[in-house]
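Please open the model in your viewer and keep a selection tool at hand. The tour moves from one helix pair to the next, with a stop at a single helix on the way.

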Amino acid sequence: MAALQGRAAARGQWLLTPWAKPLLFTLCLAPLAWLVWGAAADRLGANPAEALIRSLGDWTLRLLCLTLAVTPVRLALKAPALARFRRMLGLFTFFYALLHLMSYAVFDMGLDAGEIARDIAKRPFILVGMAAFALLTLLAATSFNRAMRWLGGRNWQRLHRSVYLVAVLAVLHFWWMRAGKNDFAEVVVYGVILAALLAARPLLRRRSNTQKR
């Protein structure tokens with residue numbers, strides 16, 4: 001058992017190297033760089049504004065999945081060093097959600113606050129998306145050590161468990177948006193991934209606690 005734990009620790013050493021976080025930072029920015037290049041080179045199709053809004057929404061969901069995957073993968077692989085990347089992934093999730101919202105506000109609504117308010121009232125999927133973004137904003141604002149100390153560890157954990165609600169709202173937002181076109185293939189994929197991640201976390205924690213006894 002000690003030998004196995006030693007080998008697992010050795011495999012995870014690269015996660016502690018100084019270049020691991022800069023590499024992740026660069027990888028998280030790569031989709032945005034590709035979208036900016038696509039817009040500049042007129043490679044986003046016949047409706048570049050819609051392509052930009054949809055792509056930013058897709059990347060928000062992908063990064064949310066990666067953020068939620070950190071704990072299950074960390075427990076499954078016994079790689080505690082993975083935890084150091086969770087905050088960055090969470091903040092990038094918020095960053096892409098903000099860009100998604102701003103693209104909608106600028107390109108679809110022309111930054112007209114009244115028009116945006118009417119659109120929210122008229123289309124429930126936008127209301128759900130706004131609710132998810134509001135929660136995500138709260139989580140991003142309290143993701144830092146100072147906020148953790150101010151709230152206290154237990155309260156901070158309770159607050160950040162609402163990331164599960166963000167995930168549910170995000171998938172509902174996506175599902176409602178696709179309902180108009182009766183196209184649910186991608187929605188099902190994201191829903192299954194997020195459901196598996198949410199179910200895996202308590203199961204892996206229980207197994208980890210049992211092995212420690």
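Begin with the pair in which helix 4 passes helix 6 in a left-handed crossing, and keep in mind throughout that this is a predicted model. Select residues 86–108 for helix 4 and residues 124–141 for helix 6, and you will have two helices that pack at an angle of about 140 degrees, with their axes 10 Å apart. Because angles over 145 degrees would count as roughly antiparallel, helix 4 and helix 6 are instead described as oblique to each other. To show the side chains of this contact, select Leu 91, Thr 93, Phe 94, Ala 97, Leu 98, Leu 101 and Tyr 104 on helix 4, together with Ile 126, Met 130, Phe 133, Leu 136, Thr 137 and Ala 140 on helix 6. Sorted by class, the contact of helix 4 with helix 6 has eleven nonpolar residues and two polar ones, with no charged residues.

Keep helix 4 on display and add helix 2, which packs with helix 4 at an angle of about 20 degrees, the axes being 11 Å apart. Helix 2 and helix 4 are therefore roughly parallel to each other, and their crossing is right-handed. On the helix 2 side, the residues to select are Lys 21, Leu 24, Phe 25, Cys 28, Leu 29, Pro 31 and Leu 32, while helix 4 contributes Met 88, Leu 89, Phe 92, Phe 95, Tyr 96 and Leu 99. The contact of helix 2 with helix 4 has twelve nonpolar residues, one charged residue and no polar ones.

Now hide helix 4 and select residues 20–40 and 48–77, which are helix 2 and helix 3, whose axes come within 11 Å and cross at roughly 170 degrees. That angle makes helix 2 roughly antiparallel to helix 3. Here Cys 28, Pro 31 and Leu 35 of helix 2 meet Leu 52, Ser 55, Leu 56, Trp 59 and Leu 63 of helix 3, a contact with seven nonpolar residues, one polar residue and no charged residues.

Finish by following helix 3 on its own, a helix of 30 residues that reaches 41 Å from its first C-alpha to its last, close to the 44 Å expected. Where along helix 3 should you look for a bend? Select Ala 69, where helix 3 bends by about 35 degrees, and then Pro 72, a proline that follows within four residues. Just after helix 3, select Lys 78, which takes a positive phi of about 55 degrees.

Definitions and conventions: Residues numbered from 1 in each chain as written. Predicted model: local features only at pLDDT ≥ 70, side-chain atom pairs only at ≥ 80, totals over all residues. Heavy atoms only, no water. Axes fitted to C-alpha atoms, helices over the stretch in contact; angles between N-to-C directions. Parallel < 35°, antiparallel > 145°, perpendicular 65-115°, else oblique. Contact = heavy atoms within 4.5 Å. Nonpolar A, V, L, I, M, F, W, Y, C, P; charged D, E, K, R; others polar. Left-handed = near helix turned anticlockwise from the far one by under 90°. Expected span 1.5 Å × (residues − 1). Bend = angle between axes of the 7 residues up to and from the residue.
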